[in-house]
Amino acid sequence: ARKAIHFLKYQRAKKLAEPLAELIFQRIFSPTSFHSHCQCSILTLIIPIPLSQKRLKQRGFNQAELIAKHLAEKMSVKMSVNILEKIKHTESQVEARTRQKRLQNLKGTFMVSRPKELKDKIVILIDDVATTGATIFEASRVLQKAGAKKIIPAVVAKR
């Protein structure tokens, strides 16, 4: 998974997004998995962790969005890319070594632009990699504060 994520992000191997989404599905949402009780419905929304405009311009695409798109198709649920926004560019989380530094680095970076669309929704929050969980934590906090009923974090890999 680590190599596939690296190729997706840095070698633009976008075709790897679909098997990475399959990994998330099998591990978290398949009938034999822990979260299989999640009754996906019109109240379920998949949201990828957004990139800053600067990082999006550099990379040309958001890897979490590509993975989320395939997962949404597989689960037959809606995906939204414009509800959660990254409004402040931060340096790569790789540079911040501790969880505390990563959380501080992300403070105030996410914003919910359409809170009405979150009201009472179960949000499946998608990212490619979690190291300390700081990104997922901060994004979840902002989504819940804006009215999401429940957040289910899902990542391809943990470092």
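## Close-up views of a predicted model

**View A. T90 sits in the loop between β3 and α5.** The model shown in this and the other views is predicted. Is T90 buried or exposed? Its relative accessible area is 5%, under the 20% cut-off, so T90 counts as buried. Which residues does T90 touch, leaving aside those up to four places away in sequence? They are R55, N105, L106 and T109. One of these partners, N105, is 15 residues from T90 in sequence. In space, the C-alpha atoms of T90 and N105 are 6.7 Å apart.

**View B. T98 lies in the loop between β3, residues 84-86, and α5.** T90 belongs to the loop between β3 and α5 as well. How accessible is T98? Its relative accessibility is 39%, between the cut-offs of 20% and 50%, so T98 counts as partly exposed. T90, by contrast, is buried at 5%. T98 and T132 are separated by 34 residues in sequence. From C-alpha to C-alpha, T98 and T132 are 7.7 Å apart.

**View C. Helices α5 and α6 pack at an angle of about 40 degrees.** Helix α5 covers residues 99-106, and helix α6 covers residues 134-145. Their axes are 9 Å apart. Why are α5 and α6 called oblique to each other? An angle of about 40 degrees is above the limit of 35 degrees for roughly parallel and below the 65 degrees where roughly perpendicular begins, so the pair is oblique. The crossing of α5 past α6 is right-handed. On the α5 side, the contact is made by R99, R102, L103 and L106. On the α6 side, A134, T135, F137 and E138 take part. By type, these contact residues are four nonpolar, one polar and three charged. L106 also appears in View A, as one of the residues that T90 touches.

**View D. Strand β1, residues 44-48, is mostly covered.** How many of its five residues are buried? Five are. In a regular strand, side chains alternate between the two faces of the sheet. In β1, T44, I46 and P48 point one way. L45 and I47 point the other way. Residues of both sets are buried. β1 has a pairing partner in strand β5, residues 122-130, with five bridges in the parallel sense. Here P48 has I126 of β5 as its bridge partner. β1 also pairs with strand β2, residues 78-79, again in the parallel sense, over two bridges. I46 has M79 of β2 as its bridge partner.

**View E. Four strands form an open sheet with parallel pairing.** In what order do the strands stand? The order is β2-β1-β5-β6. β2 and β6, residues 150-158, are the edge strands, and each pairs on one side only. β5 and β6 run parallel and are joined by eight bridges. A130 stands opposite K158 of β6. Helix α4, residues 63-75, packs on this sheet. Which strands does α4 touch? They are β1, β2, β5 and β6. The direction of α4 makes about 135 degrees with that of β5.

**View F. Helices α2 and α4 cross at roughly 55 degrees.** Helix α2 covers residues 17-29, and its axis comes within 8 Å of the axis of α4. That angle makes α2 oblique to α4. The crossing is right-handed. From α2, the contact residues are A17, E18, L20, A21, E22, I24, F25 and F29. They meet L66, I67, H70, L71, K74 and M75 of α4. How do the residues of this contact divide by type? There are 10 nonpolar, one polar and three charged.

**View G. The whole protein chain holds six helices and six strands.** From the N terminus on, the elements run α-α-β-α-α-β-β-α-β-β-α-β. The chain has 159 residues, and buried residues make up 47% of them. What share of the contacts between residues at least 6 apart in sequence joins residues at least 24 apart? The share is 77%.

Note on methods. Residues numbered from 1 in each chain as written. Predicted model: local features only at pLDDT ≥ 70, side-chain atom pairs only at ≥ 80, totals over all residues. Heavy atoms only, no water. Axes fitted to C-alpha atoms, helices over the stretch in contact; angles between N-to-C directions. Parallel < 35°, antiparallel > 145°, perpendicular 65-115°, else oblique. Left-handed = near helix turned anticlockwise from the far one by under 90°. Contact = heavy atoms within 4.5 Å. Nonpolar A, V, L, I, M, F, W, Y, C, P; charged D, E, K, R; others polar. Buried < 20%, exposed > 50% of the residue type's maximum accessible area, 1.4 Å probe, protein only. Pairing = 2+ DSSP bridges.
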